[in-house]
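Subject: Structure handover

Hello,

Here is the structure I said I would pass on. My notes on it follow below.

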Amino acid sequence: MDKPTGPQLGALIRKRRKGLGMTLQGLSEAAGVSVGYVSQIERDLAVPTLGTLAQLAEGLDVRLEYFIKTNKPTDAISRAAQREQFSLAGSSITYEALSNDYPGSEMSSYIMHVPAGYQSETVSHEGEEIIYILEGQIEQSLDGQTFTMRPGDSLHYSGTVPHAWANLTDHPARILWTGTLSVLTVNDQRRLPPASTEGEG
């Protein structure tokens with residue numbers, strides 16, 4: 001086939017591959033597809049069969065639906081009463097996922113329930129973050145400066161700037177977190193902000 005039939009299929013594959021830090025050769029080996037053909041697909045010079053696309057999906061550690069899913073407007077709705085709360089092993093933070101994980105999406109958003117006494121390490125990483133304090137009080141450190149954030153306060157910063165935060169009070173806090181990070185997936189869908197385990201931030 002000479003012309004692509006799927007919208008931005010090559011871009012979706014390339015974005016996912018680079019997000020995993022994978023080379024064309026690495027994807028070729030993981031998917032069992034020649035590196036030349038992978039390159040052609042990424043440049044929209046060739047359209048893979050469904051079987052080949054399934055191999056690429058496996059090599060990229062996503063479901064086939066990542067490339068062919070059609071989203072309905074209702075998929076973007078997050079109902080407060082129906083929103084699942086979850087956490088990861090080793091973490092005392094509980095999350096509520098707000099964002100819609102559709103193919104090509106770059107933003108993730110969570111409400112983070114932070115227990116009293118929680119402290120993160122100082123970290124830096126690619127991407128950017130916005131935090132908005134919904135409830136409680138957070139001590140935020142950014143590039144060596146520390147300041148107190150209370151309900152209604154927000155902060156937008158580059159993840160490459162060393163940062164850390166803590167809830168030093170006796171009461172839990174809630175933070176609205178939004179970011180553009182390529183980070184951990186849960187059940188092949190959820191992407192968690194840093195601080196998904198104790199000692200991260």
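Two strands are taken as paired if DSSP finds at least two bridges between them. The model is a predicted one, and the pairing described here was computed from it.

On that basis, 6 strands make up an open sheet with the order β1-β2-β3-β9-β4-β7, and the pairing in this sheet is antiparallel. The edges are β1 (85-86) and β7 (154-158); each has a single partner strand, so one side of each is left without a neighbour in the sheet. At the β7 edge, strand β4 (residues 128-135) is joined to β7 by 5 bridges, and the two run antiparallel. Within that pair, Ile-130 has His-156 of β7 as its bridge partner.

A further open sheet consists of 3 strands in the order β6-β5-β8, with antiparallel pairing. Its edge strands are β6 (145-149) and β8 (163-166), each with a single partner strand, so that one side of each has no neighbour in the sheet. From one strand to the next, the twist averages 20°. Strand β5 (residues 138-142) runs antiparallel to β6, and 5 bridges join them. Among the bridge partners, Leu-142 is matched with Gln-145 in β6, and Ile-138 stands opposite Met-149 in β6. The hairpin of β5 and β6 has 2 residues between the strands, and Asp-143 in this hairpin takes a positive phi near 55°.

Two residues of β3 may be worth a look. Tyr-110 is found in strand β3. Is Tyr-110 buried or exposed? The cut-off for buried is under 20% relative accessible area; Tyr-110 has 2% relative accessibility and therefore counts as buried. Its C-alpha atom is separated by 8.1 Å from that of Ile-175, although the two residues are 65 residues apart along the chain.

The other residue is His-113, which also has its place in strand β3 (residues 108-114). Which side chain does His-113 join in a polar contact of 2.6 Å? That partner is the side chain of Glu-96. Setting aside neighbours within four places in sequence, the residues in contact with His-113 are Gln-85, Ser-92, Ile-93, Thr-94, Glu-96, Ala-173 and Arg-174.

On the helical side, two packed helices are described by the angle between their axes and the distance between the axes. For helix α2 (residues 24-31) and helix α4 (residues 50-59), the axes come within 8 Å and cross at roughly 115°. That angle makes α2 roughly perpendicular to α4. The crossing in which α2 passes α4 is right-handed. On the α2 side the contact is made by Leu-27, Ala-30 and Ala-31, and on the α4 side by Gln-55, Leu-56 and Gly-59.

Finally, the totals for the chain. The secondary structure comes to 5 helices and 11 strands. The protein chain has 201 residues, of which 39% count as buried. Of the contacts in the chain with a separation of 6 or more, 64% are between residues 24 or more positions apart.

Regards

Methods
Residues are numbered from 1 along each chain as its sequence is written. This is a predicted model: local features need pLDDT of at least 70, side-chain atom pairs count only at pLDDT 80 or more; totals for chains, interfaces and linings use all residues. Side-chain values use heavy atoms; hydrogens and water are left out. Helices (H or I, at least four residues) and strands (E, at least two) are DSSP runs, numbered from the N terminus. A polar contact is a pair of N or O atoms within 3.5 Å; within protein, one must be able to donate a hydrogen and the other to accept it, and residues adjacent in sequence count only if both atoms are side-chain atoms. Contact means heavy atoms within 4.5 Å. Axes are lines fitted to C-alpha atoms, for helices over the stretch in contact, and angles run from 0 to 180 degrees between N-to-C directions. Buried means under 20% relative accessible area, exposed over 50%, partly exposed in between (1.4 Å probe, protein chains only). Angles under 35 degrees count as roughly parallel, over 145 as roughly antiparallel, 65 to 115 as roughly perpendicular and the rest as oblique. A crossing is left-handed if the near helix is turned anticlockwise from the far one by less than a right angle, and right-handed if clockwise.
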